[in-house]
Amino acid sequence: MNDKRQKNQLELAFTEEGRSEAPRAPREGTESCTAKCETESPAGEEQVMEEVCGRENCQQALRRVKANKGSPGIDGMKVSELPGYLKQHWPAIREQLLSGTYQPQPVRRVEIAKPDGGVRKLGIPMVLDRFVQQAVMQVLQRRWDPTFSEHSHGFRPQRSAHQAVAKAQQYIAAGNRWVVDLDLEKFFDRVNHDKLMAAIARRVNDKRMLKLIRAFLESGVMENGLVSPVEEGTPQGGPLSPLLSNLVLDELDRELERRKHRFVRYADDCNIYVASERAGKRVMHSVTGFIRRRLKLKVNEAKSAVARPQDRKFLGFSFTGGKEPRRRIAPKALLRCKQRVRELTRRTRGISLEQMTKELGSYLRGWKGYFGYCQTPSVLHGLDQHATPIALRDLEATEAPKLVAPGE
């Protein structure tokens, strides 16, 4: 590596905000980059890791991590401390990445309640590992995303849940009045590591990148002070997990396309639209078998069904019956909203009315920003009248923009 290029890379302009001494992340093996890179990255391999460590890519990753905020990992480092830490330690971190010796640390286990009961297990990486994952994700996403199916909408640039719901609506309007609603059981916890790594290796031949991703998958989970090994799954909570999940399920997308099915997928939510109940049951049986045999995953039979679209929910929405189906808010989503409003306005919360109204206004604006896409605006007006306390209604009317459902 010539001196000028090395100097430019090592002087990566990480902007420091609120300088404070961050705890040192446990890192070892800062060997000479020149010697190791010659060993780890032969001339015939892609230079993917060099792209990951590029100045613009790293600056973009830092901005994204700061914007996403988030909780500290097992080392306690806050997002606000990351710029200062990188400014001091980036040369050594970069050497580890380029030499293939970077070692991610275990994620911190966090459990959050699911709306329908049970808990969702998250794995919160250290802020430094989060930054590295983000930098890796950006490079791989630019390469992989153009190759993914047009039927996949989750966690992809220029795609959204609203687009997925609109596509489902088009299928129903075209006469596909039955839906095969597939629920993958504990998908993020069940992804087969060997199968995932084989899929990545077909797209990336930089051994350092393959080694790094394998290390992230197997970094372990810390819970109650104890570190447990991880043999399967891509823990939710890191920037890389959604991209890897899309890669795993791209095989499902291609199989459904090969069979010429009309389907929409958003992450692990997959709906296939068919013309009859009989066809739906046949598709459910066949696709469930494919998911089990080829993807090594399991369909949750209790939560999956062949039914009328108006009897199911997709990304918080459902549809009306009739020849021209309209988007409506799923009953469970409405119920959860009303429950959340009651929680935010409890008099026993011990906070000021000003703080309460601020939190309520923020929640309602976000909720309406998403569910304002429905085509039954009377439901939104009814929610205003019945779910919002009278004392706060004037505040919401002045702070929240008026939402008009598309097509009205």
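Here are some short exercises with worked solutions on this predicted model.

**Exercise 1. Get an overview of the chain: how many helices and strands are there, and what share of the residues is buried?**

Start with the secondary structure: the chain holds 16 helices and 10 strands. Next comes burial, and here 50% of the 408 residues count as buried. Then look at contacts with a separation of 6 or more: 76% of them link residues that sit 24 or more positions apart.

**Exercise 2. Decide where to be careful: over which residues is the pLDDT below 50?**

Begin with the chain as a whole, which averages a pLDDT of 85, with 82% of the residues scoring at least 70. Now pick out the weak spots. Residues 15-41 have a pLDDT below 50, though in the model this stretch makes 61 contacts beyond near neighbours in sequence. Residues 394-408 are also below 50, and that stretch has 22 such contacts. How should you treat those contacts? Where pLDDT is low, the predicted coordinates should not be read in detail.

**Exercise 3. Work out the open four-stranded sheet: what is the strand order, and which strands are at the edges?**

Step one is the order, β2-β1-β4-β5, in an open sheet with mixed pairing. Step two is the edges: β2 (119-124) and β5 (226-228) each pair on one side only. As for twist, the average is 40° from one strand to the next.

Step three is to go through the pairings of β1 (residues 107-113). With β2, β1 pairs in the antiparallel sense over six bridges. Within that pairing, E111 has K121 as its bridge partner, and R108 stands opposite I124. With β4 (residues 221-223), β1 runs parallel, joined by two bridges. On that side, V107 stands opposite V221.

**Exercise 4. Map the nonpolar cores: which residues of the largest core touch the most other members?**

The largest core has 69 residues, and F131, I200 and I272 touch the most other members. Now ask where the core residues come from: helix α6 (residues 127-144) gives the largest share, 10 residues. There is also a second, separate core of 30 residues, and F314, I329, A333 and L380 are among them. The background is simple: in soluble globular proteins, nonpolar side chains tend to be buried together.

Take I272 as a case study. Leaving aside neighbours within four places in sequence, I272 contacts a run of residues at W178, V179 and V180, plus L182. Further on in the chain I272 also contacts L256, H261, R262 and F263, and then V283 and V287.

**Exercise 5. Place Q133: is this residue buried or exposed, and what is it in contact with?**

Locate Q133 first: it is in helix α6. The relative accessibility is 9%, under the 20% cut-off, so Q133 counts as buried. Finally, list the contacts, leaving aside neighbours within four places in sequence: P125, F216, G238, P239, L240 and S241.

**Exercise 6. Check the cysteines: how many disulfides are there, and why is C58 not bonded to C53?**

A search of the whole structure turns up zero disulfides. For C58, the closest cysteine sulfur is in C53, 5.7 Å away, and that is too far for a bond because a disulfide needs the two sulfur atoms within 2.5 Å. Then add burial: C58 is buried at a relative accessible area of 1%, and C270 is buried too, at 3%.

**Exercise 7. Contrast N224 and A267: where does each lie, and is each buried or exposed?**

Start with the backbone. N224 has a positive phi of about 55° without being a glycine, and A267 is another non-glycine residue with a positive phi, near 55°. Why flag this? Most residues other than glycine have a negative phi.

Now the locations. N224 is in the loop between β4 and β5, while A267 is in the loop between β6 (262-266) and β7 (269-274). Last, the accessibility: N224 is exposed at 78%, whereas A267 is buried at 7%.

**Exercise 8. Describe K313: in which loop does this residue lie?**

K313 lies in the loop between β8 (305-307) and β9 (317-319). With 36% relative accessibility, K313 counts as partly exposed. To finish, look along the chain to I329, 16 residues apart from K313: the C-alpha atoms of the two are separated by 8.6 Å. I329 belongs to the second core.

Conventions. Residues numbered from 1 in each chain as written. Predicted model: local features only at pLDDT ≥ 70, side-chain atom pairs only at ≥ 80, totals over all residues. Heavy atoms only, no water. Pairing = 2+ DSSP bridges. Axes fitted to C-alpha atoms, helices over the stretch in contact; angles between N-to-C directions. Core = buried A, V, L, I, M, F, W, Y, C linked by side-chain atoms within 4.5 Å. Buried < 20%, exposed > 50% of the residue type's maximum accessible area, 1.4 Å probe, protein only. Contact = heavy atoms within 4.5 Å. pLDDT = per-residue confidence, 0-100.
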